[in-house]
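Please examine the structure below together with its sequence. The explanation after it moves through the chain by way of its sheets and helices.

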Amino acid sequence: MIHQYKLGELNIVMDIYSGAVHVVDELVYDLIQDYEKKSEEVLLKEYSEDHSKEVLLEALEEIKALKDEGLLFSEDEYGNVLQNFENRETVVKALCLHIAHDCNLSCRYCFAGEGEYHGDRSMMSAEVGKKAIDFLIAHSGNRRNLEIDFFGGEPLMNFGVVKEIVEYGRSLEKEHNKNFRFTMTTNGILLNDEITAYLNEHMHNVVLSIDGRKEINDLMRPSSNGKGSYDIIVDKFKKVAETRNQMDYYVRGTFTSHNLDFANDVLHLADLGFKQVSVEPVVASDDMPYALKEEHLPQLFEQYEKLADEMVKRRDEGKGFNFFHFMIDLNQGPCVAKRLSGCGSGCEYMAVTPWGDLYPCHQFVGLDEFKMGDVNEGITNEGKLKAFKATNVYTKPECKECWAKFYCSGGCSANSFQFYGDINRAYKVGCELEKKRVECAIMMKAKQMLAE
């Protein structure tokens, strides 16, 4: 499978099954489109008006050499991997602890209903958190590095329990040959110097929620009294970024139909000095006033291209920053299982409610049919476990023939269920945005490699 496109004055050819990316001239680009459909004799005749036979033969030889090396028109060899894919061992590597089903903001797009998740406001006890640690150790097999994300609602509303859970996890590492990587996602309202110091010492990564420009952030992320949060959090977030040496954190925003010019929000955050930025599309049904729709796609594509061009410019000027959705590794991608099935929700990654119930991920919490078990009894919903282990880019009709399938790994199961009631579907708007992001990211990487 081949994908070709032109962006940033480059002619880019991607060989999907080998993962090879080629930057080629106009002639080779055009010839590749016809190479598998027409004979060499026909190609020589059709292109002879604009090119000499010598030049054409050289271009065709270049294409043939790439094909012989398995870097162009390569075959799909994933069939054997998929045999018994759903029967692979269940190894849980990460948990999202819903430390607080409560929040001190009223974000308009919040899928968690201001932290309540279709239920009551609740705080996780230290006892439940410790049992979650025990569950993870017991179900992690030989995997040494394990991840715990403190999530909410707003986790700093239950900060004392966070510290107890971290201490408990650390106390078990040596005995069980495990290494816990703790992370936290916070809206920053309760951040202070003491908490920042603790996060810097104990959290492997910190996600700081802010949507960009003040007017956009305050429109979508107000407090319960309707006032905006930007002025409360922005200086605190700057301090976190600076004290973490601009590493191991993200300022993470959401863009909606209210800021279809979201590239300006990304650049606003970069201009504030943040080097690790993620601003991601909202996922919402069409009846929501802030929803992104298919009609918005052309404008959003332009924004990703604008952002990519500006990032290349800033990088060349020594003012570069990272944008999460443009970060791509062309040298050694993720393992085969991850390329096929993504984040591993429902089998490798699970969410834990304040009372200890297990769900496939934070976006499924509160949907009873997706309860996987609990931290006391472990995984008891074998049917759902098998369904999530089986889902992959070949079980999703929209993904089978998509050139981007190994970059997005089939997309988000929760989004698929939200829109189609089926985890083996693909959310169309999200897919189109992902493809544009991949094209931009590869263009940027290609320009960087050509410049080196």
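The paragraphs that follow describe selected strands, helices and contacts in turn.

The model is predicted, with local features requiring pLDDT of at least 70 and side-chain atom pairs counting only at pLDDT 80 or more, while totals for chains, interfaces and linings use all residues. Residues are numbered from 1 along each chain as its sequence is written, and side-chain values use heavy atoms, with hydrogens and water left out.

Some vocabulary is needed at the outset. Helices (H or I, at least four residues) and strands (E, at least two) are DSSP runs, numbered from the N terminus. Two strands are said to pair if DSSP finds at least two bridges between them.

We begin with a sheet near the start of the numbering. Three strands form an open sheet in the order β1-β2-β3, and their pairing is antiparallel. Its edge strands, each pairing on one side only, are β1 (2-7) and β3 (21-24). On average, and with direction ignored, neighbouring strands of this sheet are turned by 25° against each other; such angles run from 0 to 180 degrees between N-to-C directions, and axes are lines fitted to C-alpha atoms, for helices over the stretch in contact. Six bridges connect β1 and β2 in the antiparallel sense, and Ile 2 stands opposite Asp 15 in β2. The hairpin of β1 and β2 has two residues between the strands, and Gly 8 there takes a positive phi near 60°. On the other side, strand β2 (residues 10-15) pairs with β3 in the antiparallel sense over four bridges. Here Ile 12 stands opposite Val 23 in β3.

How many of the 10 residues of helix α1 (residues 26-35) are buried? Seven are, so α1 is largely enclosed by the rest of the structure. The term buried means under 20% relative accessible area, whereas exposed means over 50% and partly exposed lies in between (1.4 Å probe, protein chains only). The buried residues of α1 are Leu 27, Val 28, Tyr 29, Leu 31, Ile 32, Asp 34 and Tyr 35. These buried residues pack against β1, β2, β3, α2 and α3, where contact means heavy atoms within 4.5 Å.

The next topic is the packing of helices. Two packed helices are described by the angle between their axes and the distance between the axes. Helix α2 (residues 40-47) packs against helix α3 (residues 53-68) at an angle of about 135°, with the axes 10 Å apart. That angle makes α2 oblique to α3, since angles under 35 degrees count as roughly parallel, over 145 as roughly antiparallel, 65 to 115 as roughly perpendicular and the rest as oblique. The crossing of α2 past α3 is right-handed; a crossing has this hand if the near helix is turned clockwise from the far one by less than a right angle, and is left-handed if anticlockwise. From α2, Glu 40, Leu 43, Leu 44 and Tyr 47 make the contact, and from α3, Leu 56, Leu 57 and Leu 60. By class, the contact of α2 with α3 has six nonpolar residues, no polar and one charged. In this scheme Ala, Val, Leu, Ile, Met, Phe, Trp, Tyr, Cys and Pro count as nonpolar, Asp, Glu, Lys and Arg as charged, and the others, Gly among them, as polar.

A second helix pair is formed by α7 (residues 193-202) and α9 (residues 230-243), whose axes come within 10 Å and cross at roughly 35°. The crossing of α7 and α9 is right-handed. Asp 193, Thr 196 and Asn 200 in α7 meet Lys 239, Val 240 and Thr 243 in α9. The residues of this contact divide into one nonpolar, three polar and two charged.

We turn to another sheet. Eleven strands would be hard to follow without their order, which is β12-β11-β10-β9-β8-β7-β4-β13-β14-β15-β16 in an open sheet of mixed pairing. The edge strands are β12 (322-323) and β16 (378-379), each of which pairs on one side only. Helix α10 (residues 263-271) packs on the sheet, touching β10, β11 and β12, and its direction makes about 160° with that of β11. Six of the seven residues of strand β10 (residues 249-255) are buried, so β10 is largely enclosed by the rest of the structure. Strand β9 (residues 205-209) runs parallel to β10 and is joined to it by four bridges, with Tyr 249 in β10 as the bridge partner of Val 206. β10 also pairs with strand β11 (residues 276-281) in the parallel sense, over five bridges, and Thr 254 stands opposite Glu 280 in β11.

Finally, Ser 413 lies in helix α16 (residues 413-420). At 8% relative accessibility, Ser 413 counts as buried.
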